[in-house]
Amino acid sequence: MNPADYEYLSNFLLQRSGLSLGAGKEYLLEARLIPLAQSLGFSDIHELVNCLRLGKDKRIEFAVTEAMTTNETSFFRDKKPFDEITSLLKEIIEARSSIKRLRIWCAAASTGQEPYSLTMHLYDQFPFLTSWMFEIVGTDISEKALETARNGIYTQFEVQRGLPVQKLMSCFDHVENGWKIKERLQKPIKYKQLNLLEDFMHLGQFDLILCRNVLIYFRNETKADIVNRFRKQIAGDGFLLLGAAETMLGVSDEFERLREFNSALYRPAVKEAAKK
Amino acid sequence: MKKILLVDDSRAVRLVGTRMAREIGLEPLEAENGQKALDVCRETLDIDVILLDWNMPIMDGLTFLKKLREEDREKQPVVVMCTTENDMPRIIEAMSAGANEYIMKPFTTDIVREKLIETGVI
Ligand SMILES: [Mg+2]
């Protein structure tokens, strides 16, 4: 890929979706855009970029953004966080036992594996949640990914990644075109298209926000802005889960890391002023 | 090193399985049908895990599994079915016959590795 095309694509993605590639991510662009370019009938990325430069085809702008922002995902991705979340949620659920209300936000829901892993896991651990006002909001920038999430149908290959066969047997039905998540596990989840760069106050307040492996693509100031807005929508005793390799260090002091856990779990920070 | 017994009538599948096993750090043994597998299990008492095909001549995987589970042995290996049979009733049948996990072919090293972690083999 030539440097001018790389720079153009970096800027394009930054403007469109806040995705900050930085230098040396040619492999990432090529891995995702070469197949796209070919499927659109271009001979290479250069032709695709030339078409973007003309700025006439919204469909192609959309497709490039989609291809770059859709997350690779699997059920129970990194098992550990689900166990650690459970022990933290146990306390919150006890605290909410009279209002019987629990709200979770998957801020990078992608094709739905994370929200479904949550309903599978939480209904298992806390079966009484079926009678609670229990809601999971799944958002993603990619409408295409959300369409898969809403359908809840996965290929044979996808249901083997991270999913024990016992869960496959109890949580899915074998349908003509794959494996479909059972309706009871879909019921608490609402999917909405959302760009994290835009306002999300309307989503309301949450007990837990999961935002794994998304912030890594943003510049520090964008990261800080998003995280600080998360803070406004997390309950005082709620918490935030980031991806295993992500950190809030040097980004925001609105959250403090829960050191007793291996996963990147954060709690709203208690500020000095509030301590006095 | 833990031992894995690869049971499949396809030589190609056993070859792929052997390569995967070495990659994961397991010592591979092979059998081309259920009867041969039973023989290997009677000779080698410390097999940790069996990757088991369903459709094979002479003795199929499910028959082998039932016979194995009836055997009085100190160590019952973990059994992971690995088959093109991908219907829910078949999965349930194998699990109730004593399988521990289930892989639907085609499979990748990552899937095998995850299933071995899931079942506590590695
Ligand atoms: Mg066969």
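## Close-up views of a predicted two-chain model

The 17 positive and 23 negative charges of chain B have mean positions that lie 2 Å apart. This value, like every other one in these legends, was computed from a predicted model.

**Figure 1. Chain B, with its five helices and five strands.** Followed along the sequence, the elements of chain B appear in the pattern β-α-β-α-β-α-β-α-β-α. The radius of gyration of chain B is 13 Å, close to the 14 Å that the globule rule gives for 122 residues, so chain B is as compact as a globular protein of that length. A box of roughly 35 × 30 × 25 Å, taken along the principal axes, is filled by the C-alpha atoms of this chain. Of the 122 residues, 53% count as buried, and the accessible surface of chain B amounts to about 5,800 Å², with 49% of it belonging to carbon and sulfur atoms. When contacts in chain B between residues at least 6 apart in sequence are considered, 60% of them join residues at least 24 apart.

**Figure 2. The magnesium ion and its protein donors in chain B.** The ion has as its protein donors Asp9(B) (OD), Asp53(B) (OD) and Asn55(B) (O), which lie 2.1 to 2.4 Å from it. Along the chain, the donors follow the spacing D-x43-D-x1-N. Distant parts of the chain are linked by the pair Asp9(B) and Asn55(B), which are 46 residues apart: Asp9(B) sits in the loop between strand E1 (3–7) and helix H1 (11–24) of chain B, while Asn55(B) sits in the loop between strand E3 (49–52) and helix H3 (61–70) of chain B. Asp9(B) counts as partly exposed because its relative accessibility is 37%, and Asn55(B), at 39% relative accessibility, also counts as partly exposed.

**Figure 3. The cis peptide bond from Lys105(B) to Pro106(B).** The omega angle of this bond is near 0 degrees. Pro106(B) has its place in the loop between strand E5 (101–104) and helix H5 (109–118) of chain B.

**Figure 4. Chain A, with its eleven helices and ten strands.** For 276 residues, a compact globule would have a radius of gyration near 19 Å, and the 20 Å of chain A agrees with this. The C-alpha atoms of chain A fill a box of roughly 60 × 55 × 30 Å along the principal axes. Buried residues account for 53% of the 276 residues in this chain, and its accessible surface comes to about 13,100 Å², of which carbon and sulfur atoms hold 51%. Among the contacts in chain A between residues at least 6 apart in sequence, 72% join residues at least 24 apart. Chain A carries 37 positive and 37 negative side chains, and the centres of these two sets are 5 Å apart.

**Figure 5. The surroundings of Leu242(A) in strand E8 of chain A.** Strand E8 covers residues 234–242, and Leu242(A) is buried, its relative accessible area being 2%. Once neighbours within four places in sequence are left aside, Leu242(A) is in contact with Cys211(A), Arg212(A), Leu215(A), Thr247(A), Met248(A), Ala264(A) and Tyr266(A). One of these contacts, Tyr266(A), is 24 residues from Leu242(A) along the chain, and the C-alpha atoms of the two are separated by 8.0 Å.

**Figure 6. Asn195(A) in the loop between strands E6 and E7 of chain A.** This loop runs between strand E6 (189–193) and strand E7 (206–211). Asn195(A) is buried, with a relative accessible area of 9%, and, leaving aside neighbours within four places in sequence, Asn195(A) makes contact with Arg16(A), Ser17(A) and Ile141(A).

**Figure 7. Ser110(A), a residue with positive phi that is not a glycine.** The phi angle of Ser110(A) is about 50 degrees, and the residue is found in the loop between strand E1 (101–106) and helix H6 (113–125) of chain A. Ser110(A) counts as buried because its relative accessible area is 1%, where buried means under 20%.

**Figure 8. Asn213(A), which has a positive phi although it is not a glycine.** Here phi is about 60 degrees, and Asn213(A) is found in the loop between E7 and helix H10 (220–232) of chain A. With a relative accessible area of 15%, Asn213(A) is buried.

Key
Residues numbered from 1 in each chain as written. Chains lettered and ligands numbered in written order. Predicted model: local features only at pLDDT ≥ 70, side-chain atom pairs only at ≥ 80, totals over all residues. Heavy atoms only, no water. Helix = DSSP H or I, 4+ residues; strand = E, 2+ residues; numbered from the N terminus. Rg over C-alpha atoms; globule rule 2.2 N^0.38 Å. Buried < 20%, exposed > 50% of the residue type's maximum accessible area, 1.4 Å probe, protein only. Contact = heavy atoms within 4.5 Å. Areas by Shrake-Rupley, 256 points an atom, 1.4 Å probe, with all protein chains shown as cover. Lys, Arg positive; Asp, Glu negative; His and termini not counted. Charge placed at Lys NZ, Arg CZ, Asp CG, Glu CD. Donors = N, O, S within 2.8 Å, 3.2 Å for Na, K, Ca; no water.
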